[in-house]
Amino acid sequence: MNPLLRTARHTVQLGVEHLRLGETTRRRLLVPDRELAVHLPIRVGGEPRIVAAWRIQHDLARGAGKGGVRFAPEVDRDEVLGLAATMSLKNAVADLPYGGAKGGVCVNPRELDEDERAALVDALAEAFGGFVGPEIDIIGPDVGTGPGDMDRFVAAWSASGSHDRPEAVATGKSVDAGGLEARTGATAAGCHEAIRVARDHLDLSTGATVAIQGFGSVGRALARLLADDGHAVVAVSDSSGGRHDPDGLDVDRLAGGKEDGEALADIDVGSGVASIEVLTLGADIVVPAALQSVIDADLADQLAHTALVVEAANGPCTVSGIERLGSLGVTVVPDICANAGGVTGSYHEWRASMGRSTVDDPAAAIRSTVARCNREVWERADRDGIDLRTAASAVALERILDATSEV
Ligand code: NAD
């Protein structure tokens, strides 16, 4: 089974067992409410190709589906289902009025030229058609997609029929097309709040050292926020390699270099290390902010002295990694609370696109939602004597089941 689906199911299972839910409920939570699978005839790198695409609505009890669409060469139906289930839990734990959904297209976006990419998004908008909509299922960007794709999707989707508020079918749009400025830094800001809440509970000070795998939009912004707090960010990496300085890296120089197009491995700050090594260099706080399924049992063994792992990426730990970290006593803030800032930002964008009332300061609202949901999960964990993943799952499942009609 796809490791990401296995991790998502494990998280659901932890909540099911803690809440002593029955077998029928458990089975219902493991299968999606609705799913669409299509094959799109497009051109990739000048060659005709048929690519597989999915949109999976895992649970719609709490509202419209909400989740991104990823373009990735290895994505398959099970990965999309795992990510959709993760979104159901995340939206519930953040108490957003959404169910969980996700989309995926099995394509390497780097192989698409501009016109091919536009044609793929148009084909997707046509294929998704009435399966999505502002009050049915709202898409957003994910790995391999961005604001330009969302703008294009809205344009193609609105041309395909008569829709009220077609711009609300997608979030993560460019600001000119109705996107929310605060959405860009929302996931990092939410991770920052998750770390602050964890710091209070674990009596960690801002003297704790930090390592971050992934120096993209989330990892880079988070590194800056933590360095501003006074943390020594001792190791960061991207796909080109990593940089390490036990006394703390010059984060601004690294982030500036990366934003100017330099590969992290080539920036002359600290010493060079392998990408994966940054996780195991002995930092107090370890943040996987790049890849799924990267912390397995073997890697977890090397994190025995880590105080806190914060899952900025979706599903960065395999089930064996989660179990090993648990047995080593390492605290893990699961993705469903750690990276909920992104979808919270999307919620505010969607409200504006729907013409509904908006908050004056979305950036502050995003932070306060993520801080609140993390505090609730810590309180539940303390009250019931359980780990954070089980507590987050239990909080989310109670909300989902509250909204579910009995059969
Ligand atoms: P991004 O594409 O901007 O950045 C990804 C980073 O990971 C890049 O720096 C890339 O070089 C790096 N990377 C790739 N392979 C690597 C490797 N082998 N070792 C080390 N680094 C590697 O993506 P992002 O938006 O920053 O998202 C990062 C993660 O956070 C993803 O898992 C994503 O699903 C998750 N996430 C993002 C958001 C969001 O709002 N952007 C929201 C929720 C979850």
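A residue counts as near a molecule when one of its heavy atoms lies within 4 Å of it. With that in mind, let's walk through this predicted model, starting at the ligand.

**Around the ligand**

The ligand is surrounded by 23 residues, and those that come nearest are Thr 187, Gly 216, Ser 217, Val 218 and Ser 239. Oxygen atoms of the ligand also take part in polar contacts, listed here with the part of the residue that supplies the N or O atom.

| Residue | Part of the residue | Distance to a ligand oxygen atom |
|---|---|---|
| Arg 183 | side chain | 3.2 Å |
| Ser 239 | backbone | 3.0 Å |
| Ala 290 | backbone | 3.4 Å |

Ser 239 thus appears twice: it is among the residues that come nearest to the ligand, and a backbone N or O atom of Ser 239 is 3.0 Å from a ligand oxygen.

**The seven-stranded sheet**

Next comes an open sheet whose seven strands follow the order E10-E9-E8-E7-E11-E12-E13, with mixed pairing. Its edges are formed by strand E10 (271-273) and strand E13 (331-333); each has a single partner strand, so one side of each has no neighbour in the sheet. On average, neighbouring strands here are turned by 15 degrees against each other, direction ignored.

Within this sheet, strand E8 (residues 233-238) and strand E9 (residues 241-244) run antiparallel and are joined by four bridges. If you would like a spot to look at, find Val 236, which stands opposite Arg 243 in E9.

**The four-stranded sheet**

A second open sheet has four strands in the order E1-E2-E5-E4, again with mixed pairing. Here strand E1 (34-44) and strand E4 (69-72) stand at the edges, and because each has a single partner strand, one side of each is left without a neighbour in the sheet. The twist from one strand to the next averages 20 degrees.

E4 pairs with strand E5 (residues 100-106) in the parallel sense, over four bridges. Phe 71 faces Val 105 of E5 as its opposite residue. Helix H4 (residues 114-128) lies across E1, strand E2 (47-59), E4 and E5, and runs at about 150 degrees to E1.

**Two helices that cross**

Finally, look at helix H3 (residues 77-93) and helix H14 (residues 388-402), whose axes come within 8 Å and cross at roughly 85 degrees. Angles of 65 to 115 degrees count as roughly perpendicular, so H3 is roughly perpendicular to H14. On the H3 side, Ser 88, Leu 89, Ala 92 and Val 93 meet Ala 392, Val 395, Ala 396, Leu 397, Arg 399 and Ile 400 of H14. The residues of this contact comprise eight nonpolar, one polar and one charged.

Definitions and conventions. Residues numbered from 1 in each chain as written. Predicted model: local features only at pLDDT ≥ 70, side-chain atom pairs only at ≥ 80, totals over all residues. Heavy atoms only, no water. Axes fitted to C-alpha atoms, helices over the stretch in contact; angles between N-to-C directions. Helix = DSSP H or I, 4+ residues; strand = E, 2+ residues; numbered from the N terminus. Parallel < 35°, antiparallel > 145°, perpendicular 65-115°, else oblique. Contact = heavy atoms within 4.5 Å. Nonpolar A, V, L, I, M, F, W, Y, C, P; charged D, E, K, R; others polar. Pairing = 2+ DSSP bridges. Polar contact = N/O pair within 3.5 Å; in protein donor to acceptor, adjacent residues only side chain to side chain.
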